[in-house]
Amino acid sequence: MDARKAEIVFRALEKFRIEVPSWGFANTGTRFGKFLQAAAASTIEEKFSDAGQVHQLTGVCPTVAVHVQWDCPEGVDSTAEIKKLAGQYRVQPGSINPNLFQDQGYKYGSFGNPDKAIRDVALQHTKDSVEIARRLQSRDISMWFADGSNYPGTANIRHRKRWFEECLKATHAELSPGQRLLVEYKPFEPAFYHTDIADWGMALLLSRAAGPQARVLVDTGHHYLAQNIEQIVAWLLAEDMLGGFHFNDRRYADDDLTLGSIDPYQVFRIFHEILFFEWETGKQADIAYMIDQSHNLKGKIEAMIQTVTMAQMLFSKAAIVDYQELAAAQKDCDLVRAESLLQDAFATDVRPAIQQWRDSKGLPKDPIAAFRESGYLERITKERAERNSRSVTSYA
Ligand code: RM4
Ligand code: MN
Ligand code: MN
């Protein structure tokens, strides 16, 4: 790679940050069973401690996404403790994720529940979540709904859409000026007939209905297999409606595997659409890059570092696409030239440039190796093993 490209990679990495999820450090399983990890985090303190390690070794994960039900047992009163932990472990709370899918009351939905009393409970939880975000100075409230139905004819889809609009509007009304409401979509699971926010179009309409501070959140695992995710990204960028990502990889559905483990070119194409948009418009896209993975066999912290470094690598590769040339090739309909520009960038080994960037920040060249040498894993394994072996908590 020539010096000019190395310089581009360096500049791209200067602005690249990605948020880790608190739940990615905790024990999870599949619906068939759980293989508990002795070193998994179960308290909010352990989650912040582990997130602090990832940030210390990579330098690009200054924030942790917080899941209200799992991380804020005292609701809004948990914020004092979280602030303290943020100072102690040097990572700030990031997006705030209300939990509208675990309580028994949500059996037939939250914002889409036909029972107004349940919708009100869900709305109150969401309002509390906005207050938590305000107290923690978090910008984004990130909404994912499990709402849907399992059999044809069992739910009034139009009524539920209206209830969603009403509740999202009411949530939006609680936001402070700088805050944002992110609306996530998912085609199926846990509901298997219809999901109330099944795709990006529904999320877009509901975001628009909610108000001007609402944006769409794209979870890369939440699409049908053949779907062109980068086209969705390009459209949302063009509409100024792309709020953020939940990054993970999958082979089949919402597998929540480490990023780029199955299809790194897919992630590269997403980054490409964003960086191409920025080059063309001269605007910086205001997007929250977040990780949403919960694989249950790889070590939690190692899996997180793997995803972070993969994201840096794919972002760097996308940054060295020659946009000028690409725009010309597209205009001339020179298909082979245009496609090759992407393929050449993807094939470039950007790792030496990334290592230089890490070096310049006093970061380890190889964060996984540094983690393995640090002794942190041995320490937490010892400290947490007992409690984890007795634990039955699981999020999946
Ligand atoms: C969902 C969705 C949400 C995440 C939960 C745990 O599938 O991706 O973003 O909070 O899982
Ligand atoms: Mn998600
Ligand atoms: Mn998901």
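# Helix 11, a manganese site and aromatic pairs

At the N-terminal end of helix 11, Asp322 acts as a cap: one of its side-chain oxygens lies 3.4 Å from the backbone nitrogen of Gln324. Please keep in mind that this is a predicted model. The points below start from that helix and move on to a manganese site, a buried threonine, the aromatic pairs and a tryptophan in a loop.

**Helix 11 and its surroundings**

- Helix 11 spans residues 323-331, and its buried residues are Tyr323, Leu326 and Ala329.
- Viewed down the axis of helix 11, these buried residues fall within an arc of 125°, so they line one face of the helix.
- The spacing is a familiar one: an α-helix has 3.6 residues a turn, so residues three or four places apart point the same way.
- Gln324 and Lys331 are exposed, on the other side of helix 11.
- The cover over the buried residues of helix 11 includes helix 9 (264-281), helix 10 (300-319) and helix 12 (335-347).
- After helix 11 comes Cys333, which has a positive phi, near 55°.

**The manganese site**

- The manganese ion (ligand 3) has His222 (NE2) and Asp254 (OD) as its protein donors, lying 2.2 Å from it.
- The two donors link distant parts of the chain, 32 residues apart: His222 sits in the loop between strand 8 (214-219) and helix 8 (229-238), while Asp254 sits in the loop between strand 9 (242-247) and helix 9.
- Both His222 and Asp254 are buried.
- Another manganese ion, ligand 2, is separated from the manganese ion (ligand 3) by 3.9 Å.

**Thr307 in helix 10**

- Helix 10, part of the cover over helix 11, is where Thr307 is found.
- Thr307 has 0% relative accessibility and therefore counts as buried, the cut-off being under 20%.
- Leaving aside residues up to four places away in sequence, Thr307 touches Thr258, Leu259, Ile291 and Gln293.

**Aromatic pairs and charges over rings**

- There are 26 aromatic pairs in the structure.
- One of them joins Trp200 and Trp235, with ring centres 6.1 Å apart and planes at 70°, so this pair is edge-to-face.
- Because Trp200 lies in helix 7 (residues 200-210) and Trp235 in helix 8, the pair ties together parts that are 35 residues apart in sequence.
- The rings of Phe371 and Tyr376 make a tilted pair, because their centres are 6.3 Å apart and their planes stand at 55°.
- Phe371 is buried, with a relative accessible area of 2%, and Tyr376 is buried as well, with a relative accessible area of 5%.
- A cluster linked by ring pairs holds Phe16, Phe245, Phe247, Phe271, Tyr289 and Phe315.
- Two charged side chains sit over rings: Arg251 lies over the face of Tyr252, at 5.2 Å from the ring centre, and Lys317 lies over the face of Phe346, at 5.3 Å from the ring centre.

**Trp23 in its loop**

- You will find Trp23 in the loop between strand 1 (20-21) and helix 2 (44-58).
- Despite its place in a loop, Trp23 is buried, with a relative accessible area of 7%.
- The side chains of Trp23 and Asp292 are joined by a polar contact of 2.8 Å.
- Trp23 and Val66 are 43 residues apart along the chain, and 7.9 Å separate their C-alpha atoms.

Key
Residues numbered from 1 in each chain as written. Chains lettered and ligands numbered in written order. Predicted model: local features only at pLDDT ≥ 70, side-chain atom pairs only at ≥ 80, totals over all residues. Heavy atoms only, no water. Buried < 20%, exposed > 50% of the residue type's maximum accessible area, 1.4 Å probe, protein only. Helix = DSSP H or I, 4+ residues; strand = E, 2+ residues; numbered from the N terminus. Arc of directions from axis to C-beta. Contact = heavy atoms within 4.5 Å. Polar contact = N/O pair within 3.5 Å; in protein donor to acceptor, adjacent residues only side chain to side chain. Donors = N, O, S within 2.8 Å, 3.2 Å for Na, K, Ca; no water. Phe/Tyr/Trp six-rings, centres within 6.5 Å; stacked < 30°, edge-to-face > 60°. Lys NZ or Arg CZ within 6 Å of the ring centre and 35° of its normal.
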